Every structure is written in structure tokens, then in C-alpha cells.
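Biologist: Please take me through a close look at one part of this model, step by step, and tell me how that part fits in with what surrounds it.

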Amino acid sequence: MRKLLNTVYITNESMYLGLDGENLVCQLEGKTVFRIPFDNIEGITCFNYLGCSPALMGKCVEKHIALNFVSPQGKFLGKICGETKGNVFMRVAQIDTFRTRGIFLAQNSIASKLANSVKVLKRSMHDDESLRGDAEIIKALDVLKKGTESLLLVDNIESIMGIEGNCASAYFSVFGKMLKGHFGISFCGRNKRPPLDPVNAVLSFVYSLWTRDYAAALETVGLDSYIGFCHSLRSGRQSLACDLVEETRCIVERFVITLFNLKMLNQKDFDVQLSGACMLNVEGRKKVIEQWQNKKRSDILHPYLKQKIALGLLPYVQSNLLAKMLRGEIDEYPCYLLK
């Protein structure tokens with residue numbers, strides 16, 4: 001089993017990253033703030049403007065360490081990667097299988113996402129007695145269940161994604177009911193590019209971090225993260241990472257609900273721009289990242305492996321299971337389902 005190491009997040013926009021032997025060195029105004037041995041790092045995500053040295057980029061390529069660049073607002077900008085390696089036959093199998101079985105994979109992936117969304121709603125209804133008879137939540141659950149059933153009746157990606165979009169709209173129409181109204185937050189549905197409220201700001205931010213983890217995991221097992229079976233192919237988009245992350249978005253959503261309901265965030269952690277966009281500020285990002293890292297270290301029981309793993313290893317486990325399916329070692333790819 002892969003060892004869960006640390007992802008380093010550089011949230012100070014004025015920091016600069018460099019290399020000193022086998023150590024990552026972080027500098028602020030010419031002074032060394034900290035250094036970390038590369039043996040303790042599995043990924044680096046930079047929210048800084050100054051970037052890093054070419055020597056560090058080369059070392060990350062050599063050590064197969066994911067180096068991602070994200071804007072301070074949370075938009076993914078790019079990544080540093082080396083020469084494409086891995087089993088070329090695996091990538092051929094990936095393309096061939098997605099062409100012949102892509103519809104089946106997409107149906108299973110979206111069905112898992114919808115089933116997990118039902119679990120999130122029912123979990124909140126269990127925890128909060130006032131939600132158990134809520135007519136709008138019951139209606140949303142019905143939409144999700146009927147959407148899952150209708151997935152088996154369609155035979156094209158457009159229809160599958162149409163069902164997913166309709167179910168997501170119903171799910172997020174009641175998502176705010178699972179929040180306890182901390183510091184007067186208002187959640188009126190999912191919005192992005194840009195997010196317009198604190199809840200959407202945190203959802204978008206953590207979704208982005210989680211998708212980057214999936215992209216790195218896919219590359220680790222020799223798959224092409226840009227060639228997917230559900231999301232349409234688009235230059236610069238890691239479609240396969242977007243596909244696999246769908247079934248575990250529920251983890252991010254439960255995490256965000258917990259952040260707000262336990263009052264781990266407050267209004268001072270967000271900045272509202274003149275355009276109306278609401279973004280996490282430096283302190284807000286630090287809080288979210290710290291809690292997300294703690295979350296990733298927690299153990300879960302994997303429903304297929306029947307063994308405990310650290311949550312942060314889930315992208316690697318799911319990527320490896322997909323690779324096993326493509327190699328013919330297992331008959332089907334087992335999507336992740338919440339217990």
C-alpha cells in the first residue's frame with residue numbers, strides 16, 4: 001500500500017520555493033522560512049505569485065512529486081510534469097475500453113454519485129430531527145432515486161449528464177438545509193466561476209484540491225488523466241480525474257457541512273470582490289487546508305477492499321482499481337459507495 005505522505009500548500013502569495021540538496025526550501029523576502037526533506041513530500045500546491053526555481057521543478061519531476069499552481073482564488077492554473085511514462089499498452093487499453101464501455105462506466109459512476117448524495121441527505125436527516133419530515137428534502141431524495149433508475153434506460157453520454165445535472169440541481173436546492181445558518185450565511189444553490197457565497201467558495205476550493213489528488217493518482221498508476229469516459233475531452237482538462245472524483249464529491253460536501261456547522265470558519269475568512277465573487281482569503285485558506293489535511297489522515301473502511309485505509313489514499317486506491325479493470329485483472333471497476 002502506498003504511504004500517505006504530506007502535501008505542502010504554499011498559501012502566502014509572497015513566498016518563493018527553491019531547492020537545497022534534497023530539501024524543499026521556502027523563502028519570504030529572501031529569508032528561509034522552512035525546509036522539508038523531499039522524502040516526506042508527495043505533492044506541492046502553490047497559491048503564490050512568485051513561483052519556484054527551475055531546479056526545484058526538475059527535482060519534482062525526478063521524484064515524481066506533483067507540483068501544482070493555483071491562483072489565490074483557487075483556480076487551477078497548471079502543473080509541472082516530466083516525460084510521459086508508464087505502460088503504453090495500458091494507455092491503449094484505456095482508450096479502447098472507454099470507447100467500447102464508456103457508457104457503462106459513466107452510468108455506474110453517476111449512479112454512485114447519486115447514491116452517495118442520498119446518503120449525505122439521509123445522514124443529515126438522522127443527525128437533525130427537524131429535517132426528517134422536510135417536504136423539500138423528501139422531494140429531492142425522490143428525484144435522486146428516480147434519476148438513478150433512469151440512468152439504466154439511456155444509451156448516450158449527453159442523456160447521462162442531463163440526468164446528473166437535473167439531480168444535482170435538486171440536491172443543491174436543499175443543501176442549505178443541512179447548514180445551521182452560521183454567521184448568517186445564505187446558500188441558494190450551487191454557483192461557480194465565480195462562487196457568490198462562502199459555502200460555494202469552500203466547495204469549489206476543496207473540489208479543486210481533491211481533483212488534483214485524483215489527477216496525480218491516475219498518473220502514478222500509468223493512466224492518462226486527460227482521457228476520460230464521462231466528461232467530454234477538452235484541451236487542458238483532466239477529464240478522467242473529473243470522472244473519478246464525481247463518486248467521492250460526497251466526501252467534500254460532508255466536510256464542508258462540518259466546517260460550517262462546527263463554526264470553524266467565520267465571515268473574516270472570506271473576501272467579497274466588487275463583482276460579487278466571494279473567495280477565501282489567506283487565513284481562510286489556511287484553516288480549510290489544515291482541516292482538509294486532518295480529514296485525509298482519518299481512516300475509512302473501503303467497501304470493496306474490506307480494509308481500512310487513510311482517506312487521502314482513496315484516489316490512489318480507486319485509480320489502481322480502474323487500472324486493474326483495464327488490465328483485465330477484475331471484470332468491472334468498483335465505484336466508491338458510502339457506507
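Modeller: In this predicted model, K263 counts as exposed because its relative accessible area is 60%, and the cut-off for that word is over 50%. K263 sits in the loop between helix 7 and strand 8, the latter covering residues 270–272. The backbone at K263 deserves a second look, since its phi is near 60°, a positive value in a residue other than glycine. Most residues other than glycine have a negative phi. K306 offers a companion case: its phi is also near 60°, and it too is exposed, with a relative accessible area of 59%. K306 belongs to the loop between strand 10 (299–301) and strand 11 (308–310).

Going back from the loop of K263 to the helix that comes before it, we reach helix 7, residues 249–261, whose axis comes within 10 Å of the axis of helix 5, residues 198–220, and crosses it at roughly 140°. The two helices are therefore oblique to each other, because an angle has to be over 145 degrees to count as roughly antiparallel. The crossing of helix 5 and helix 7 is right-handed. On the side of helix 5 the contact is made by P198, V199, V202, L203, V206, Y207 and W210, while helix 7 brings R249, V252, E253, F255, V256, L259 and F260. Sorted by class, this contact holds 12 nonpolar and 2 charged residues, and no polar ones.

From here the path leads into the interior. The largest nonpolar core has 80 residues, and V202 and V288 are among those with the most contacts inside it. Helix 5 gives the most to this core, with 12 residues. If we set aside its neighbours within four places in sequence, V288 is in contact with V202, F205, V206, F255, L259, L265 and L280. Of these, V202 and V206 also take part in the contact on the side of helix 5, as F255 and L259 do on the side of helix 7. A second, separate core has 16 residues, including M15, L56, C60 and I65.

One more backbone detail lies in the loop between helix 4 (157–173) and helix 5, where P194 is found. A cis peptide bond joins R193 and P194, with omega at about 5°. Most peptide bonds are trans.

How values were computed
Residues are numbered from 1 along each chain as its sequence is written. This is a predicted model: local features need pLDDT of at least 70, side-chain atom pairs count only at pLDDT 80 or more; totals for chains, interfaces and linings use all residues. Side-chain values use heavy atoms; hydrogens and water are left out. Axes are lines fitted to C-alpha atoms, for helices over the stretch in contact, and angles run from 0 to 180 degrees between N-to-C directions. Helices (H or I, at least four residues) and strands (E, at least two) are DSSP runs, numbered from the N terminus. Angles under 35 degrees count as roughly parallel, over 145 as roughly antiparallel, 65 to 115 as roughly perpendicular and the rest as oblique. A crossing is left-handed if the near helix is turned anticlockwise from the far one by less than a right angle, and right-handed if clockwise. Contact means heavy atoms within 4.5 Å. Ala, Val, Leu, Ile, Met, Phe, Trp, Tyr, Cys and Pro count as nonpolar, Asp, Glu, Lys and Arg as charged, and the others, Gly among them, as polar. A nonpolar core is a set of buried Ala, Val, Leu, Ile, Met, Phe, Trp, Tyr and Cys residues joined through side-chain atoms within 4.5 Å. Buried means under 20% relative accessible area, exposed over 50%, partly exposed in between (1.4 Å probe, protein chains only).
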